[in-house]
Amino acid sequence: GSSNVAVGRWALAVSLSPQQNVAVGHTALFRAAASRNVAIGHEAGSSITTGTDNIMIGHRAGFDTSGSGSNNIYIGSNGFGPDVNTIRVGNSTHVG
């Protein structure tokens, strides 16, 4: 991919041609094949595959998504997928 930033062991490691992603943390965006995602934290967004335009901040934020959700914000939440146009803060907040 191009225009990506990956910091941390296995960040964006198995990703297939993603573009414009930011992955900071061990296995952040590990499987991302999509573009325009931001994941900051240990295992943040590591299950995202085809989802785009997501923001995931915190340990395992967005980890429990199905991989295809888009336009979501997870802060300290594992998520629950596939979410679309959803904001989750903590364990159970759902707006969208």
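This report describes the strand arrangement, the surface patch, the salt bridges and the aromatic pair of a predicted model.

**The sheet**

The strands form an open sheet of 6 members, in the order β1-β2-β3-β4-β5-β6, and their pairing is parallel. At its edges stand β1, which covers residues 5-7, and β6, which covers residues 87-89, each of them pairing on one side only. Neighbouring strands of the sheet are turned by 5° against each other on average, with direction ignored. For the pairing at one end of the order, β5 and β6 run parallel and are joined by 3 bridges, and within this pairing I73 has I87 in β6 as its bridge partner.

**The nonpolar surface patch**

On the surface, a nonpolar patch is formed by V5, V7, V24, I40, I55, I57, I75, I87 and V89, which together have about 650 Å² of accessible area. Strands β1, β4 and β6 each supply at least two residues of this patch. I87 is therefore both a member of the patch and, as the bridge partner of I73, a part of the strand pairing in β6, a reading that rests on strands being assigned as DSSP runs.

Another member of the patch, I40, lies in strand β3. With a relative accessible area of 38%, I40 is partly exposed, and because a patch takes in residues with over 30% relative accessible area, the value for I40 passes that cut-off. G25 and I40 are 15 residues apart in sequence, while their C-alpha atoms are 6.1 Å apart in space. G25 itself lies in the loop between β2 and β3 and, at a relative accessible area of 16%, is buried, so that this residue falls under the 20% limit used for burial.

**Salt bridges**

The structure holds 3 salt bridges, which are listed here with the distance between the closest N and O atoms.

| Acidic residue | Basic residue | Closest N and O atoms |
|---|---|---|
| D53 | R36 | 2.8 Å |
| E43 | R60 | 2.7 Å |
| D83 | R88 | 2.8 Å |

The salt bridge between D53 and R36 links distant parts of the chain, since D53 sits in the loop between β3 (38-40) and β4 (55-57), whereas R36 sits in the loop between β2 (22-24) and β3, 17 residues apart. Both partners have an intermediate accessibility: D53 counts as partly exposed at 29% relative accessibility, and R36 is partly exposed with a relative accessible area of 41%.

The salt bridge between E43 and R60 also links distant parts of the chain, with E43 in the loop between β3 and β4 and R60 in the loop between β4 and β5 (73-75), 17 residues apart. R60 is partly exposed, its relative accessible area being 27%.

In the salt bridge between D83 and R88, both residues are buried, which means that each has under 20% relative accessible area.

The acidic partners E43 and D53 also deserve a remark on their backbone. E43, placed in the loop between β3 and β4, has a phi near 65°, a positive value in a residue other than glycine. D53, which lies in the loop between β3 and β4, has a phi near 60°, and here too the value is positive in a residue other than glycine.

**The aromatic pair and the loops**

The structure holds 1 aromatic pair. This pair is formed by W10 and F30 in an edge-to-face arrangement, with 6.4 Å from centre to centre and 70° between the planes; the angle counts as edge-to-face because it is over 60 degrees. The pair links distant parts of the chain, W10 being in the loop between β1 and β2 and F30 in the loop between β2 and β3, 20 residues apart. W10 counts as partly exposed, at 45% relative accessibility.

The loop between β2 and β3 is also the place of A32, which counts as buried at 0% relative accessibility. A32 and V84 are 52 residues apart in sequence, and their C-alpha atoms are 17 Å apart in space.

How values were computed:
Residues numbered from 1 in each chain as written. Predicted model: local features only at pLDDT ≥ 70, side-chain atom pairs only at ≥ 80, totals over all residues. Heavy atoms only, no water. Salt bridge = Lys/Arg side-chain N within 4 Å of Asp/Glu carboxyl O. Helix = DSSP H or I, 4+ residues; strand = E, 2+ residues; numbered from the N terminus. Buried < 20%, exposed > 50% of the residue type's maximum accessible area, 1.4 Å probe, protein only. Pairing = 2+ DSSP bridges. Axes fitted to C-alpha atoms, helices over the stretch in contact; angles between N-to-C directions. Patch = residues over 30% accessible without salt bridge, like charges linked within 9 Å, V, L, I, M, F, W, Y side chains within 5 Å. Areas by Shrake-Rupley, 256 points an atom, 1.4 Å probe, with all protein chains shown as cover. Phe/Tyr/Trp six-rings, centres within 6.5 Å; stacked < 30°, edge-to-face > 60°.
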